[in-house]
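Reader: Hi! I'm new to looking at protein structures. Could you walk me through this one?

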Amino acid sequence: MNAETAEVAIIGGGIIGLSIAYYAAKAGMDVVVLERGELAGGTSSKCDGNILAIDKDPGFDSQMSLKSQALVSEWVKELDEEFEYRAPGSILVCETEHEMEAAAIWVSRQREAGLPFRLLDRRDLREESPYLADDLLGGLECATDSTVHPVLLTYSLAATARRHGGRLRTHTPVKALLLEGGKRIKGVDTTSGAIYAKHVVIAAGVWAKQIGSMAGIDIPIEPRKGHILVASRSASLGKRKVMEFGYLLSKFGGERNIEARLEQYGIALVYEPTASQNFLIGSSRQFAGMDTRVDQEVIRLIAERAIRFYPGLEHIPLLRAYAGLRPWTPDHLPIVSAIDEIPGLYVAAGHEGDGISLAAVTGKLMSEMLSGAVETCIPAEPLRYDRFRLAGCCGEAKG
């Protein structure tokens, strides 16, 4: 029996892996995706569906997000299946004068970078939703932010990649990375046999570190746990995503003037209405290894924090809650890069809470790398794997 071969073997059947598969197959490459379970069975099914620029640092981060937003808007016409795409924009709300001052600076920096941001006052918030707390001072808006259903989008990418000739192998864990002479990638060994490939892409999210270790590569990605509540949409609290300004501080590790128990779990308001007439409430951030069990204390604190911003939530039923793992890197940027030590090996992982936001631009950039393109859709240098070694910033994760 002949061994299976491919030009590109992608390890990971989440939204990042399938975005790469879509673009690579569309470009004419022979692609196979290897997924240990079901497609979108990991982080891609335990997250919200936002494609945001509002929470990105001005400059490269926000420009990368804008490019991803533009690519996703093209997917609406390109992909074979519908994935609940909407582009209503999103807002951050402020509790204090200090946050309003910081929001004004944030808006100014983003506008200088060419992004469609504007500052909001109390009247703007009243127009946004009468259900927001009366004492909120204002906030800011990014008009281009959009939202999708992450699982539907992953499956739509899979279906379209398959139409372009891509192959999908679910329930096919990778046992080893195969190296030629211990130096160059030549494929992967799976529970279903070996697959020989010219290029191998590790797009395994929080499992990327484990896969990299098979070739002696230390990928600085750690799991960062997050909870989400699903509530009944018995009242229309708002038509688009709303976050508290403190979410930025929680995400990037800044100082927040909140209760210690909220800070301990990195809790900050995230509200997202969905196309299925309910809404998601978050969020939390904590380092807890690979534990995905729902913590009732965290759920209670998220609910309390949400009620502070939306007092009416106290009377709306909670349907369920779940926890997922975000692939965290020390500088909060993903790794989308070749591994120079092992020619033919690539990494596309470490997006933390931005996997949905950056899936499109990641897939496009990686497909360009695989094809040897001289020019890429965004600069690749800031996302290189070796930036951590050069900067000496691969210390232990800190919550």
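Author: Happy to! This is a predicted model. Let's start with Y310, which counts as buried because its relative accessibility is 0%.

Reader: Cool. And is Y271 buried or exposed?

Author: Y271 counts as buried, since its relative accessibility is 0%.

Reader: How many aromatic pairs are there?

Author: The count comes to seven aromatic pairs. One of them joins Y271 and Y310: the ring centres are 5.1 Å apart and the planes are at 40 degrees, so the pair is tilted.

Reader: Where do Y271 and Y310 lie?

Author: Y271 is in strand β14, while Y310 is in the loop between α9 (296-309) and β16, so this pair ties together parts that are 39 residues apart in sequence. Elsewhere, ring pairs link Y22, Y23 and W75 into a cluster.

Reader: New topic! How many disulfides does a search find?

Author: Zero in the whole structure. C94 is in no disulfide, and its nearest cysteine sulfur belongs to C142, 15 Å away.

Reader: Why no bond for C142?

Author: The closest cysteine sulfur to that of C142 is in C94, and 15 Å is too far for a bond. C142 counts as buried because its relative accessibility is 0%.

Reader: Last one: which residues are closest to the centre of the second largest pocket?

Author: That pocket holds about 340 Å³ of space. Of its 22 lining residues, H149, P150, T274, L280 and Y322 are the closest to the centre. The lining divides into nine nonpolar, eight polar and five charged residues.

Terms used: Residues numbered from 1 in each chain as written. Predicted model: local features only at pLDDT ≥ 70, side-chain atom pairs only at ≥ 80, totals over all residues. Heavy atoms only, no water. 1 Å grid on protein atoms, 1.4 Å probe; cavity = no way out; pocket = protein on both sides within 12 Å on 5 of 7 lines; lining within 4 Å. Points joined across faces, edges and corners; volume = space filled by probe spheres on them. Nonpolar A, V, L, I, M, F, W, Y, C, P; charged D, E, K, R; others polar. Disulfide = S-S within 2.5 Å. Buried < 20%, exposed > 50% of the residue type's maximum accessible area, 1.4 Å probe, protein only. Phe/Tyr/Trp six-rings, centres within 6.5 Å; stacked < 30°, edge-to-face > 60°. Helix = DSSP H or I, 4+ residues; strand = E, 2+ residues; numbered from the N terminus.
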